[in-house]
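Here's a quick briefing on how two chains meet and on a sheet they share. Have a look at the structure first, then run through the points below.

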Amino acid sequence: MAEYLIKNGHVFDPVQHIKGDKKDIAIKDGKIVETSALSPAAKQIDAKGKSVMAGAMEIHAHVAGPKVNLGRWYRPEDKLFDSHKTPGMTRIEGGKSIPTVFKTGYEYARMGYTFAMEAAMPPLYARHVHEEIHDTPIIDEAALPVFGNNWFMLEYLKNHEIENNAAYVAWTLNQTKGYGIKIVNPGGTEAWAWGLNCLSVNDPVPYFDITPAEIITGLIETNEYLGLPHSIHIHGNNLGNPGCYQTTLDTLKLAEGFKAKNNFGRKQVMHQTHLQFHAYGGDNWGNFESKAKEVMDYVNKQDNLTIDTGNVTLDETTTMTADGPFEHHLGGLNHLKWANVDVELETAAGVVPYIYSPDIKVCAIQWAIGLELALYAKDPMRCFITTDHPNAGPFTRYPRVIKWLMSKKARDERLNTFKHTDKVIAATTLAEIDREITLYELAAMTRAGPATSLGLSKDYGGLKPGMNADIAIYNINPDKMPSDPEEIEKAFSGVACLFKDGKICVKDGIVVDNGNKRTFWVDVKVKPNKQVAHDVKEKFLKYYSVNEANYSVPDSYAPHPYVIAVDATQ
Amino acid sequence: MPKVVTDVTCPFCGTLCDDLEVTVSDDNKKILSVRNACAIGAEKFNHTSLPGRVTRPRMRQPDGTFKEISYDEAIDWTANMLVKSKKTLMYGWASTSCQAMSVGHEIAEKVGGVVDNCATVCHGSSLIAIQDVGIPSCTLGEVKNRADRVVFWGCNPAHAHPRHMSRYSIFPRGFFTVKGHKGRKIYCVDCRYTDTARCADEFIQVQQGHDYELLNAFRTAARGEALPDVIGGVPKEKIYQVVEELKGGRFGVIFFGMGLTHTLGRNHNIDIAISFTRDMNDWMKFSIIAMRGHWNVTGSGQVLSWQYGFPYAVDLSRRTKARYQTGETTSVDLLVRNEVEACFNIATDPGAHFPIDAVVSMSKKPTVTVDPHINMSTEISDIHIPVAMVGVETGGCAYRMDNVPIETRKVVDAPDGMLTDVELLTKINARVDQLMGAQ
Amino acid sequence: MKTVTLTVKQAPELYLECENITPDTFAGKKADEIAQLPAYQGKEDTTLGEYFTIAGEAGATAAETQIILKGDCSKMKYIGIKMTAGEVIVNSSTDMYTGGWMKGGKLVVKGDVHSFCGLGMEGGEFLIEGNAGNYLGASYRGDWRGMQGGIIRVKGNVGSDVCTFMNGGELIVEGNADVHIATHAEGGRIVIKGDVNRRVGGQMVKGEVIVFGKIGLMMPGFKYIKDVDLEVDGTKARFAEHIGDLGERHPTRKGEPVYGKIFLKK
C-alpha cells in the first residue's frame, strides 16, 4: 500500500555493486521496486548527504532463550539505574549486557538492523526461545537448534548413517521451528555431562565413542544432503584457551573437499562463528598472543568458508554459551557467579559474568585479535561483524566496533592507551595494519554477506528491485567523511530512518512503529524414515522427561512465520 | 462416546507431569476420569465439576454478602481501581498461562503496578541465592539418566511432588542408570523423619535452623579441613563419611525446598548449598534443583525476566523503569508497610498464604481477586472474578521446575459465558486505555 | 558552606521517593528551583515543594552545600543517594536507601534508618544515631561488589545481612547485630561493640570482623588460631583470633592462603 521514494542518498549495495553512487530507492507494498513503478502519491524521504544500505543482519547473537533469560534474571545488577523508557512507541527497556526483549528489538532497529539469528536453541526449550522471539519487536528473527552433542546424532554418525541423521535433523527443525544446524563444542558438551571435555577434534566422546571430527564432517554431509539455506554453524572445540588456534585450523580443514549443495545461493559449507575466541597462540596466559593472521591466511585461501569475528568491546558483559565446560573453567578463573544447565539428550549451557578490562593484557590482546580478523579478510562477503553478543560485548557496541574498523586513528588511540600497551603490541599485529574498512565493505560484512551465508540473498541483504524493503539510512556522508572518528560511532548508533517491510519503524533514532516482525524457520521434507521414527519414539518413552506429543512448538508461537520450504526427498 | 485426551499436562505442581490421560464426556463438558495423575493432580481436574462452582463475578456489598455482577461491570470497576491507584500490587500469576501474564504486564506498565508472583513466599529465597552465586543445574531427564547420588535437603516430595521420585529422582531406569534406585544412593536431610526419608538410604537429622552451619561443615569437610565435633546436631564423622560417599559417585544432585528457603537465613541457606554444589564439581558432576511449588510460578519468573529483567517483585510503579529489591518491592513488605493503595490478585490465594498482617492490610484496600474458586482471598476482596481453569478449560504455556516449557491443553469447555484469563485481562487492558485516554 | 533547610509540611500517603535530596542535585540552585525538583510516589509525579517547605540556598558545588531536614522523614526514601560531597543532616528517622551508593561527604541521621542503607558505599562518612534495619552497607542484589570504602557508624543496633559482599571500608556498630554479618566479604572491616546473634563471616573470603561482646554460635568453618592484643576504635583489648571461612576459597600471597578473620574479645 504505502509508497516511498528515498531520494538522493548514497547507496551502498554489494548485490548490485553500487559503491556510494547517488541513487533513488523506491518502495511499494513492502518491496523495493523500480522508481518507475511508483505513483505520484509516493512520500519522499530526503536522504541527501546520507548513506543508504539494506537493513543489517545479525548472524549470531544470544538474544532469546533459557540461558539468555537465566543471564537476565540472575543479574539484577545489570539493570540497576539502567531500566528506562525512551521516547517513541516503546515499552520499558533495560539491561546493559543482556537487554530485555523490548530493548533488544528497539536497539537493533535503532542501529539499522532488521534481522537477528538466535545463535543456539536447545530443542527441548524451543518453546521458550519462540516466546521470546515473539515478544521481541520490529526485527525478524530465527533460531539455530544445537546438534553437536545430541544423542540421536552421536549414534547415527558413529555409523555414518547420513540419511537417518538427515531425517532426524529435518524432524527436529520441524518440531522446533528451527533454521539450521548449530554445533557447539562438538562432543565436548556431552562429555561435560560427566564433568569432562573434548579439547581436540580427535578426543572421543565418553561412551558414544565418536570424535568431534566425525561429528563435524557427518553434519556437513547431512547439511548438504538436505540442501539447507545455511551451512553448519560451528563453535569449535577448545574455545578460549591459549594455543587453541591449532584446533581451529583442524576444525576448518574438515570442510576441505566439500561443496555447497542448495537452491539458495549459499556457497559455504561451514560458518565458523566468533573466530576471535578461537585464534589464540602461546600456551599460557603469560605468552598469550594473536594468531589472527595465521587463521585468516587459511580462511582467505578457501572459498567454502564464512566466518564472523566476535569482537571484544572492552566492557563488563556476561558470557553465555552451550560450551558448558568452558563456562565452568571461566568461573574458576574469575570466581564470579557460574550458572550451568545440562539438557537431557541434547546439550548444556553455562553463564558467567566477565569484565574485559583495558588494564588486563589478555583482554586488550583479545580486542586486537577481533579487529585483526576483519582487517585481514580478503573477501568482505565472507567475513561478518559480530560480538557474539553478549560474550565478547553487548551488540549495542557495534557502532564502536565499526569506528575501530573504519578509522586507524581511533583504534591506534585505543591501542596506545592500554596499561600494558607495549606487551599488547608485541603479542599482536594490529599496530602494523593500515587498512580502514570502507562503507561498501561494511555493507558486505553486515548485510549482503550474512544474507548470502544464511541463504536469504534472494530477498534480503541488498537493495535490488524485488527484494524486501528492509532499508537503513545513516547520517554519514561518504563525500564528507568526518575527521573525528566519534562521529562514525554516533552515525551508526542511531539511524536517520529504518524501513522494515516497507514501513518506517525508526525515525531519527526514535521507534515510531513496532512493525510486524516474523519468525523465520526451515521446513524440510524428507522421505518417511521408519528407523528414525522408531528411535524418536523409543527415546521419548525411555529417556526424555517429556512426552513426544508435547515436544513440538505449535504454530501459535510463531504467528507471523516466514517458512522456507526445502524438498530433500530426491 | 466419551473420548480420551492423552499427553495432558497437569496444572498443579512444579513437577508438571505431561503424561496424564483424561476421559471427557462426548459433549466436551464434563471430566469423567483422570489417569496417571497423583491424587492432588486428579483433584485439580475434578474441581471443574464441583457443585457450587462460581461462574460470574461477585461484588461485596456493604453488609458483607456478595452479589452477582456482569463481567463488564467487574472489568469497569477493576480498570477504574487500577487507574486511580498510585501504586497497585498485582500479585499471583503462578497458576495461569504465560500468554495471560504478558497481557497483565502491559496493564501493570500502564497503571503503575508492582508485579509479583508466588516466589515471594516460596522459592524467592532460592532466586536471590542464585543471583548471588549462580547455580550448577540440569534438567530432570539428566537426573533420570545419570544420577547415582541424590540428596533431598529440606524437602518432602512424597507429599508435595508425589510423582517426582518415580518419574525422575529415585526409581526410574535411565540410559546410564539401568539399575534404577538400586544403582543410586539416596540421602535425606531434614529436621524430622518424613515419608521421603523412608525412601532414602541415609537420613540425616539436622537441628532446626542449623542448615547453613551444616552446609558450611560439608564444604569445610570437602576441602579436608578440621571441624568441631558436632554441627547442627550432626557428628563430624557422619559429615566426612557422607562427603566421601558423594565424591565416590559420578553424578550427584541436591533437591531442596522450604526446609532451606524458610528457615533462619533463607536465601543464605540455598546460597551455601549452591556453593557446596559448585565445590563438588571439582571432584564429580554435581547439580542442584529447586523444588518449585506452583505449576507455573517458574513461567511467571521467565516472562517477567525477558520483559523486565527480574524474576519477581518487579516494581513498575514509576512506569518509566523497572526496579527490583526483594525486601522492598516484595508483596508482603509492600502490604505490611502500606506502600501500595490497591491489590489485584490472580491465579493464587494470598489470603491463605500471606502472613496475617499482610492479609489484614490487603483487606483494608480496594482489592480484586481473579480465581476460578472461592478462596480466602476472594472473601476479603471487593470483587471476585471467576475465570476458566487454566490447564483444564484453556491452554497456554507453562514452565516446569527445571525451566523446561511444556504446553498445557484445553481438555473440557468452561461453563457457558465464562472468560479465560487472557480474555479478561485483554478487556481490562482495553478499558484502562479508554479511561486513561479520557484523562 | 551554604545551607538549605527542608521542613516536612505533609506526610506522603505512601512513601516519597527523594532521590533528588542530595548536595549534588541541589548544588547551584535556589530554594524555588529546589522546590521544583521532582519527587515520586508510585505513578504520581510530584515535587519536593509539595511535601517540604524549603528555605535557604545551595552552594555552588556539592562540597559547599549543607542540607538540613526537619520534621518526620520516616517515610522518605533515597535521601542522600549517590552524594559525592557536602553534608546532609536529618533530624528524624529515615526510610530505605538512605546514603545508598554514597561516594563522599557526610550524612547524619538523628534517628533510625530502615533497610538497604549505605548500599554499595564508596566513600564518605555516614553516622546513624539510632538503629539500622537490614542490609546496611550491603551490595545491591546480585552484585559481588559491595561496600568499597567510606565509614558507617551506628550508635544503636543493626539487623541482618550486614555488609554482604563487603570489599572495603569500615562499619562500626556500638550496639548489637542480628544474623549474617560479612557474608561473602572479600575485604573491609566491621567492628561490633555489642553481641552478635549468629552467622558471622559465612562464606567469607577476606576481611575482618571484630566483636567485643558474644557471638551466639561460631560458624564451623572458623578455627581459633591464637590470642592477640589490638587497639580498636580507641580501645585496647585482648582478642581471640579465628581464621576462615575454611569452607570457602581464599586468595594466596607468596603461596600462603589469606583468610578472613574474626576477632572475639576475651
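**A sheet across two chains**

A:Val341 sits opposite B:Ser137, a residue of strand 8 of chain B. Keep in mind that this is a predicted model. The two chains pair up here: strand 16 (residues 338-343) of chain A and strand 8 of chain B run parallel, with five bridges between them.

**The sheet**

- What's the strand order in this open sheet? Its four strands go 15(A)-17(A)-16(A)-8(B), and the pairing is mixed.
- Strand 15 (316-321) of chain A and strand 8 of chain B are the edge strands, each pairing on one side only.
- From one strand to the next, the twist averages 10°.
- Inside chain A, strand 15 and strand 17 (residues 347-355) run antiparallel and are joined by six bridges.
- A:Thr319 has A:Val352, in strand 17 of chain A, as its bridge partner.
- Helix 10 (residues 324-334) of chain A packs on the sheet and touches strands 15, 16 and 17 of chain A. The helix direction makes about 30° with that of strand 17 of chain A.

**The wider interface**

- How many residues of each chain are in contact with the other? The count is 52 residues of chain B and 46 residues of chain A.
- Elements of chain B that each supply at least two residues to the side touching chain A include strand 8 (134-138), helix 3 (98-111), helix 4 (124-133) and helix 13 (297-308).
- That side of chain B breaks down into 21 nonpolar, 17 polar and 14 charged residues.

Note on methods. Residues numbered from 1 in each chain as written. Chains lettered and ligands numbered in written order. Predicted model: local features only at pLDDT ≥ 70, side-chain atom pairs only at ≥ 80, totals over all residues. Contact = placed C-beta atoms within 7 Å. Nonpolar A, V, L, I, M, F, W, Y, C, P; charged D, E, K, R; others polar. Pairing = 2+ DSSP bridges. Axes fitted to C-alpha atoms, helices over the stretch in contact; angles between N-to-C directions.
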